[in-house]
Amino acid sequence: MFYVPKNAIYKRIPRRKFLELGGGVATALGAGSVAVGLSSVVTRSPVQAASSDDAKWKQYSGTKLVFMSENTPPSFAIRENLKPFYDLTGIEVEILTDDLPVVQQKVGIDLRSGKADFHLNYVQDKPIGAPFADYFANLNDFINDDTLPQDPDGMGADAWFENFLDVCGTMYTRDRLIAFPYDSAVACTFYRQDLFEQHSPDFEKEYGYRMEFTKDTTWKNVYDFAEFFKKLRAAGQDVPYGYAQHQGSFAWTAQLDIQRLMYAHGQWTEFDVDDKLGSKEPGPTRWGDESSIFLMEKWKELASVAHPDNLANDTLQLNTVYQAGQIAMQVQYHEFAASIEDEKTSRAAGGKTAYAPCPKGEASWIKNGGQAVNGTSCGIGGIGINNNASDDLKRAAYLFAMWSTSKETQYNVLKGVGGTPTRKAVMDMPGVKEARQRPTDMPNALTFDAVYDYGIKDPHFVLGPKIPEANEYYQIILTEVQKCISGQQDPAATCESIRDQVDDMNDI
Amino acid sequence: MATQVLPGGALRGDAPGGINPVGIMPGFVTRDGVTVLEAEPLARNPEPSRRYYFYMMAPAIITLAAISLYPFFWLIWMSLHDVDIMAGDKWVGLKNFERLFTRDAKFSNGWLLLIQYSAMCLFFEVLLGVLIAVLLNRSRWEKVLVTVFLMPMMMAPAIAGLVWYYLYNGTFGWYHWFMQSVGLLGETSILGSPSTAMIGLVLVDIWQWTPLIVLITLAGLKRVPRDQLEANMVDGAGEIRNFFQVVLPNLYPFLLIGILLRFMDNFRFIDSVLILTGGGPADATNILPVYLFDVSFQYFKLGRGAAIALTLLVVTIILGMFLVKIFDSPAARNVGRTEG
């Protein structure tokens, strides 16, 4: 019925056994999952440490793998161009893509049920990596295996941009590595340079400083800019709103949105844990302290001068609002630059948009004695291997994980559909340096100065919170902050409610 | 040439015209050279034992158990455990329920919102459904219009959710633009405010499921006894009095079916809610099934999710039984009896 190589060692079930297992009932009840299961086959040609690289790459020729990924540019681009990997390894890979929440559900069910319908998983750092860290294979085992080929640029922390391996690969312990950085979404500021320049003289008259965006622009300045644009609108001028927040229904990015403000002011974090490592037992939360209440008040003030549809705009919608020319500024993920620079779909294209680091903390707003930084949050999507799979399937999956994160693949994605590299070496590839300036054929590269040269570096980069209950935490934040912004409860009550729920969630 | 009496009543040559029921005539010579003279009557089969019935029903019972009873008992089991495949399931007794009923505000809020949502949907769907059905009944364009009205119902709820999501969108949504133009909305979209988001959801449900009530009501209208209508008119009743005195009482059981179906649906269908609002903003549309989904498949708290599901199931069963009891009431049974 299905082609299975002669040396297949997996999933050939004799007819008698099939009948013994009640195959008829199983077929009727689980046709879907059985179909997925049948699509995975592994074959193996034994290799030694001394075997050639070609033999090592080819040792699982004839194997079929399934990769469940978020619908991000790299996955689309790689799915369209899998032939080089097939030629290199003889392994067939099926890439399934969906929205992140759906991927999280599917991957979560697969992992937690002890199955391996998806051998490779998109490990979005906090939403997927933090709750399911124990279910992924330890990639250190493969990195140190001399019967597997290895990437010449290495797979260690030095090969990736600063902090990236920690963000998605390290969860709760440094003994295990659960994912390689596959793609990245790092926050930076997108703003309408044309409008800023046009209105800067009027702004300066009123506020006493120029309306421009630099790495020293603070959240207080952002408030001023937004207030200024709102006043112009109220006076009947045809200008967009100044600013908008990610406070729509996507809980994770709503949490990242307010996290930037909180971290910028004294590097405030939710828990007293190592932010790079996270913790399964994070202890009592800091929500409800003086800093959090004060900054929540500021967040509400910012919302009051933001686009009025603030509570409907999640990250994707917010980007659409910016593309439509309805706001003059957004803190957005650098992977969206390509869509902003697309003249067919964006009114902000054609050199109107400039990119800067995330806003810096306002010194007078810091209540915990910490320093003001450009709080930069992120989502580093990793690629991990399902630990429920057989050893051979895991080894075969490692080959794909390594290939899909190689500098050549990332470079092709960057050139093709606008990827966001995770490997340092990509920056040295032909044309990438030039692409950072207009005119460019790699629009995402316009953000590289703000992101790779500045935002991701310590002390600006905020990695967490890495806790097993991350998704519940995001939902609590989203709901309570929305209540605050919509006027249903005041900032102090909001922070206290968050504290009570989060502590209850963590059995404090 | 041999002759033989074949066994089996079916071969008796006593059918009209001398031809037996299977068409073999007496005197027929079979391939084996046997001449059929007559057939013996069949012996009556013995009465099957109770075990026989059990064996015959067993496959259906086992299948039913596999797809229904087993998950039900598994649900109860899960609700009493902290479900974790890595660490192993841990018995927690009634802790999951205790949490729901003592300190889970989202649970109680979810129930309130679900009741509110269902009540609004049912009220408007029944009102509009009956109105439209009465207008359509026996109209010249009835068939064409019924087909047109049924189209939303044929759409998958998830697709309907997506379509309305775009129509409501504050940036490019046509409905948003329209509602803003006529002064119903400001710059905030209908889904962007906690005070209007629920209305947005109810409108989608009304749009999609009023046709079901129209369909059911139309079926009921066809069965309204003509003699009752005529008798009432002889007594001097006009169209409106006729409607309330004759038509509506006769529609009663049909509407109950519609209400029961829609009521169950509102407890189950969350596709469009998830797409449109995901339960927000500020939990304004976080009806219980959405919360159940979040707990089970976003937070993977399967024990707590099972406890929520169990309460939902129990309430649904009780309300279902209540409605079935109404169907069984003498009043409901007697409706329409005079016809034919």
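**Close-up views of a predicted model**

**View 1. Here is where chain A meets chain B in this predicted model.** Chain A brings 27 residues to the contact, and chain B brings 25 residues. On the side of chain A that touches chain B, the elements giving two or more residues are α7 (100–112), α15 (315–323) and α21 (470–485) of chain A. Look to α21(A) for the biggest share, as this helix gives the most, with seven residues. By character, the chain A side divides into seven nonpolar, 13 polar and seven charged residues.

**View 2. Next comes helix α11 (residues 193–207) of chain A, with its kink at A:Ser200.** The bend there is about 55 degrees, and the proline A:Pro201 follows shortly after. Although α11(A) has 15 residues, its end C-alpha atoms are only 18 Å apart, short of the 21 Å that a straight helix would reach. The buried residues of this helix are A:Leu195, A:His199 and A:Phe203, and their cover includes β4 (180–192) and α12 (219–234) of chain A. Just past the helix, you will find A:Gly208 with a positive phi of about 85 degrees.

**View 3. Finally, meet strand β7 (residues 378–385) of chain A, largely enclosed by the rest of the structure because eight of its eight residues are buried.** One side carries A:Cys378, A:Ile380, A:Gly382 and A:Gly384, while A:Gly379, A:Gly381, A:Ile383 and A:Ile385 lie on the other; both faces are covered. Strand β3 (residues 120–124) of chain A pairs with β7(A) in the antiparallel sense over five bridges, with A:Leu120 partnering A:Ile385. β4(A) also pairs with β7(A) in the antiparallel sense, over six bridges; here A:Pro181 has A:Gly382 as its bridge partner.

Conventions:
Residues numbered from 1 in each chain as written. Chains lettered and ligands numbered in written order. Predicted model: local features only at pLDDT ≥ 70, side-chain atom pairs only at ≥ 80, totals over all residues. Helix = DSSP H or I, 4+ residues; strand = E, 2+ residues; numbered from the N terminus. Expected span 1.5 Å × (residues − 1). Bend = angle between axes of the 7 residues up to and from the residue. Buried ≥ 20, exposed ≤ 12 C-beta atoms within 10 Å, placed from the backbone. Contact = placed C-beta atoms within 7 Å. Nonpolar A, V, L, I, M, F, W, Y, C, P; charged D, E, K, R; others polar. Pairing = 2+ DSSP bridges.
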